[in-house]
2 protein chains.
Amino acid sequence: MSAVIFRGNDRVEILSSQDRGLMYGDGLFETLRASAADLPWWPLHWRRLQEGALRLGLQLPDEALIHDAAKKLLDGRPQVLKIVLTRGESGRGYQPVAGPGTCILSSHALPSAMPGRLSLHWCTTAVARQPALAGLKHLNRLENVLARRECTDAGHAEGLMSDCDGHVICATAANVFLYVNGCWLTPDLSQCGIAGIARAMLLTLLPDIRVSAVTRPQLENAEAVFLCNAVRGIMAVHQVGSVPVAGHAALDALKQRFLDVHPFFANE
Amino acid sequence: MSAVIFRGNDRVEILSSQDRGLMYGDGLFETLRASAADLPWWPLHWRRLQEGALRLGLQLPDEALIHDAAKKLLDGRPQVLKIVLTRGESGRGYQPVAGPGTCILSSHALPSAMPGRLSLHWCTTAVARQPALAGLKHLNRLENVLARRECTDAGHAEGLMSDCDGHVICATAANVFLYVNGCWLTPDLSQCGIAGIARAMLLTLLPDIRVSAVTRPQLENAEAVFLCNAVRGIMAVHQVGSVPVAGHAALDALKQRFLDVHPFFANE
């Protein structure tokens with residue numbers, strides 16, 4: 001891991017212990033997969049960061065400056081780039097005051113591959129309904145931490161999180177898609193959950209997909225289920241709780257199309 | 001402001017940009033009022049930190065070590081002490097791994113007094129229902145930041161936040177109490193909200209208080225309303241939204257009893 005820190009457009013050496021990102025989770029993040037020589041989805045991630053910054057009222061640094069620093073940091077190696085953007089040190093207490101944001105870039109090794117037969121835990125930790133933050137990849141992620149711990153404790157590599165009404169929303173670090181009666185379906189995220197970039201790319205590949213409430217029985221009876229995120233791409237699911245998922249040619253076909261369009265996911 | 005940082009029981013100079021407190025809001029905090037020579041509520045705050053750390057699985061540093069460092073930092077001045085405890089740098093992704101926590105102590109000037117006639121905004125930003133985190137003073141506070149901004153934009157010094165069913169839960173940085181039909185009442189926090197230390201102290205002073213769901217009409221028709229927190233103590237409320245609150249001798253009496261027991265709040 002190596003990292004660089006910006007305050008506004010100025011490179012700084014030290015992160016303040018009073019940064020609002022730490023004090024309140026007052027910020028956003030992006031996690032990008034870098035190919036050997038490129039950040040293929042940079043424009044999509046930066047646009048989401050811009051949209052999130054607009055919703056929360058955060059100040060963004062200059063895109064070209066940060067993109068250049070990211071490329072230098074990655075140094076041509078296939079890695080994961082993480083961008084954290086916070087409201088910086090401005091303001092007193094919860095009250096936000098306009099001021100330069102903090103932007104932290106860090107590079108990380110690509111994660112080890114998922115298990116060959118991915119089985120999902122049903123997490124007890126719910127996703128709280130909060131439309132004011134729905135869709136955002138913000139820094140308030142304690143729910144995900146608690147849910148992820150549940151998965152590991154139960155011997156699963158990932159798990160599904162539901163809202164307080166039992167609607168399935170997401171995995172702990174991925175979005176979820178299912179194939180039911182010949183149709184792709186993915187949860188509506190207008191009340192909670194992160195609207196992932198891989199999810200957005202898949203929505204463009206699947207014009208007939210339904211984005212709606214998803215129930216646990218629907219998932220358990222689905223013909224195919226997969227998870228996706230911007231680091232791992234598509235991850236086929238072989239078991240949901242104690243229920244095996246048969247798999248379907250539609251998933252194999254989708255995975256191939258996805259790799260054709262986005263070949264830098266090929267080694268997953 | 002001055003600050004010191006510990007990693008486990010070791011004093012360190014720099015906060016890692018990869019600290020999980022920043023990455024995920026994976027931690028807790030306490031805000032204490034210090035008198036000229038003492039931290040009168042230290043045992044209560046430390047106990048809450050212990051209980052929160054147990055719920056989240058965080059490692060606490062040695063209490064005597066941190067108390068000593070806090071006293072040195074405050075240097076005998078009436079100030080606010082903030083303690084932030086995070087899960088540190090351990091683990092990869094959301095998955096928490098046992099390891100030394102980060103503990104940041106910082107001293108801050110006492111806040112300026114609240115307006116003489118405190119009026120409360122009805123915040124649009126709701127408190128999301130999340131029983132897994134209810135009661136904890138954790139670092140996922142984006143809701144409070146958004147709600148606080150609403151108050152300022154509307155010209156109010158504080159505001160009331162409700163859950164998604166419209167039950168009143170708290171102010172943006174305080175708990176709320178109301179006097180209805182000769183009885184004190186404060187919201188139930190089993191589903192969301194921070195169980196404040198000042199609230200806990202007041203519950204011991206008010207053995208007949210009801211802790212239950214509180215509706216907006218109840219607040220608007222209350223005979224007396226006050227906010228409380230561990231920095232400001234009791235703050236009488238004079239207006240809720242556009243509705244004036246008459247005030248009641250019961251509040252004056254309670255405020256006097258509170259000051260008799262906790263005289264270090266006397267200058268509020």
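These legends walk through several close-up views of a predicted model with two chains, A and B.

**View 1. Here is how the two copies, chain A and chain B, are arranged.**
A turn of 180 degrees, with a shift of 0.0 Å along the axis, lays chain B on chain A with an RMSD of 0.0 Å. The two copies are thus related as by a two-fold rotation axis. Both copies use the same surface, since 100% of the contact residues of chain B recur in chain A.

**View 2. Here we look at the side of chain B that touches chain A.**
In this predicted model, 42 residues of chain B are in contact with 42 residues of chain A. Which elements of chain B each supply at least two residues of this side? They are β1 (2–7), α1 (20–24), β5 (102–108) and α4 (142–153) of chain B. The largest share comes from α4(B), with eight residues. If you sort the residues of this side of chain B by class, you find 21 nonpolar, 14 polar and seven charged.

**View 3. Now for the two domains of chain A and the place where they touch.**
Chain A is divided into domain 1, covering 2–108, and domain 2, covering 119–265. Their C-alpha centres lie 26 Å apart. Across the boundary, 18 residues of domain 1 of chain A are in contact with 11 residues of domain 2 of chain A. On the domain 1 side, the elements that give two or more residues are β3 (27–33) and α2 (42–56) of chain A. Of these, β3(A) gives the most, with seven residues. By class, this side of domain 1 of chain A has seven nonpolar, seven polar and four charged residues.

**View 4. Next comes a five-stranded sheet in chain A.**
Follow the strands of this open sheet in the order β11-β10-β9-β12-β13 of chain A, and you will find mixed pairing. β11 (210–212) and β13 (233–236) of chain A stand at the edges with a single partner strand each, so one side of each is left without a neighbour in the sheet. From one strand to the next, the twist averages 30 degrees. Strand β12 (residues 224–229) of chain A runs antiparallel to β13(A), and four bridges join the two. To pick out one residue pair, look for Cys228(A), whose bridge partner in β13(A) is Ile234(A).

**View 5. Two helices of chain A lie across strands of that chain.**
Helix α5 (residues 197–205) of chain A lies across β9 (175–180), β10 (183–187), β12 and β13 of chain A, and runs at about 125 degrees to β12(A). Helix α7 (residues 249–261) of chain A lies across β9, β12 and β13 of chain A, and runs at about 160 degrees to β13(A).

**View 6. Let us turn to chain B and the buried residues of its helix α5.**
Which residues of helix α5 (residues 197–205) of chain B are buried? Look for Ile197(B), Ala198(B), Arg199(B) and Leu202(B). The buried residues of α5(B) pack against the helices α2 (42–56) and α7 (249–261) of chain B. They also pack against strands β9 (175–180), β10 (183–187), β12 (224–229) and β13 (233–240) of chain B.

**View 7. Last is the hairpin of β7(A) and β8(A).**
Strand β7 (residues 158–162) and strand β8 (residues 168–171) of chain A pair in the antiparallel sense over three bridges. Met161(A) has Cys170(A) as its bridge partner in β8(A). Five residues sit between the two strands of the hairpin, where Gly166(A) takes a positive phi near 85 degrees.

How values were computed: Residues numbered from 1 in each chain as written. Chains lettered and ligands numbered in written order. Predicted model: local features only at pLDDT ≥ 70, side-chain atom pairs only at ≥ 80, totals over all residues. Least-squares fit on C-alpha atoms with pLDDT ≥ 70 in both. Contact = placed C-beta atoms within 7 Å. Domains from an automatic or database assignment. Nonpolar A, V, L, I, M, F, W, Y, C, P; charged D, E, K, R; others polar. Buried ≥ 20, exposed ≤ 12 C-beta atoms within 10 Å, placed from the backbone. Pairing = 2+ DSSP bridges. Axes fitted to C-alpha atoms, helices over the stretch in contact; angles between N-to-C directions.
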